[in-house]
Each structure stands twice: as C-alpha cells, then as structure tokens.
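Here are my notes on the model you sent over. I've set them out as numbered points so you can check each one against the coordinates.

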Amino acid sequence: MSIIAWILIGLIAGAIAKALMPGRDPGGCVITMLIGIVGGLLGGWLGKVIFHVHSINGFFHLSTWIAAIVGSIIVLILYRLIIGNRSRS
C-alpha cells in the first residue's frame, strides 16, 4: 500500500479507536493519525506473530481495518497511560 493509503487508514482507524474509547485526550487530528498509523503497523505485526496470518492485505480488506483498529486501541491505551501519568505529576 502507498503512504497515502497508510495515512488515510491511520486517520480513520485512530478516529474509530477514539470513538470506541471515549475520553479526554490531549492532541488533535495529527495525534489521532499517528496513533492510527502506529496502531495499524502494530496490529499487522501482532496478526503475523500471534495468528500467523498476513493481516495487512490491502486497503479494502476487512483484515486490514480490523488489525489497524485493534492496534490503534492498544496504542491509544498506552498513550493514555503515559500521558495520564505525566499530567498527574
């Protein structure tokens, strides 16, 4: 997939992850997109390691979107844990 496709998937997957996990997050569209891109890469890697499948098949494949969204949720949880600890200090 091209860089533009990864950015688009990242933006959408990050937004879906934030919608599934409502709450206050510092950062706007750029942070959402970065969380989505990193989450997509993480989800694809976890799919290969845990399930031994190639989960990043193409832009319109369901497995690509599921991997990106699950990975984005994981990254969002980690982001909230790290940023939440900083703001309380």
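1. Where is Trp65 found? The answer is helix α3. Keep in mind that this is a predicted model. Trp65 counts as buried because its relative accessibility is 18%, and the cut-off for buried is under 20%. Setting aside residues up to four places away in sequence, Trp65 touches Ile9, Ile12, Ala13, Phe59 and Phe60. If you want a distance to check, the C-alpha atoms of Trp65 and Gly43 are separated by 9.3 Å, with their positions 22 residues apart along the chain.

2. Now the overall fold. You'll find 3 helices and 0 strands in the protein chain, so to speak an α-α-α pattern when read along the sequence. Of its 89 residues, 37% count as buried. Take the contacts between residues at least 6 apart in sequence: 67% of these join residues at least 24 apart. The accessible surface comes to about 5,600 Å², and carbon and sulfur atoms account for 75% of that.

3. On to the nonpolar cores. The largest one has 6 residues, namely Ala17, Met21, Ile35, Val75, Leu76 and Tyr79. Helix α3 (residues 62–88) gives the largest share of this core, with 3 residues. Apart from it lies another core of 5 residues, including Ile9, Trp65, Ala68 and Ile69. So Trp65 from point 1 turns up again here, as a buried member of that other core.

4. Ile35 is worth a click. Leaving aside neighbours within four places in sequence, Ile35 is in contact with Ser72, Val75, Leu76 and Tyr79. Val75, Leu76 and Tyr79 are also listed in the largest core, alongside Ile35 itself.

5. Is Ser72 buried or exposed? Ser72, which is found in helix α3, counts as buried because its relative accessibility is 0%. Its contacts, not counting residues up to four places away in sequence, are Ala13, Gly14, Ala17, Ile35, Gly36, Gly39 and Gly40. Among these, Ile35, Gly36, Gly39 and Gly40 are buried residues of α2.

6. Helix α2 (residues 29–51) passes a simple length check. With 23 residues at 1.5 Å a residue, helix α2 should span 33 Å, and its end C-alpha atoms are 31 Å apart, which agrees. Its buried residues are Thr32, Ile35, Gly36, Ile37, Gly39, Gly40, Gly43, Gly44 and Gly47. After α2 comes His52, with a positive phi near 55 degrees.

7. Please look at the outside of the model too. Leu62, Ile66, Val70, Ile74, Ile77, Leu78 and Leu81 make a nonpolar surface patch of about 620 Å². One of these, Ile77, is found in helix α3 and counts as partly exposed because its relative accessibility is 39%. For background, nonpolar side chains in soluble globular proteins tend to be buried together.

8. Last, Arg80. This residue lies in helix α3, and with 22% relative accessibility Arg80 counts as partly exposed. The C-alpha atoms of Arg80 and Gly23 are separated by 9.5 Å, although the two residues are 57 residues apart along the chain.

Definitions and conventions
Residues are numbered from 1 along each chain as its sequence is written. This is a predicted model: local features need pLDDT of at least 70, side-chain atom pairs count only at pLDDT 80 or more; totals for chains, interfaces and linings use all residues. Side-chain values use heavy atoms; hydrogens and water are left out. Helices (H or I, at least four residues) and strands (E, at least two) are DSSP runs, numbered from the N terminus. Buried means under 20% relative accessible area, exposed over 50%, partly exposed in between (1.4 Å probe, protein chains only). Contact means heavy atoms within 4.5 Å. Accessible areas come from the Shrake-Rupley method with a 1.4 Å probe; for residues, only the protein chains shown count as cover. A nonpolar core is a set of buried Ala, Val, Leu, Ile, Met, Phe, Trp, Tyr and Cys residues joined through side-chain atoms within 4.5 Å. Patches are made of residues with over 30% relative accessible area and no salt bridge: like charges are joined within 9 Å, nonpolar side chains (Val, Leu, Ile, Met, Phe, Trp, Tyr) within 5 Å. A salt bridge is a side-chain nitrogen of Lys or Arg within 4 Å of a carboxyl oxygen of Asp or Glu. The expected span of a helix is 1.5 Å times one less than its number of residues.
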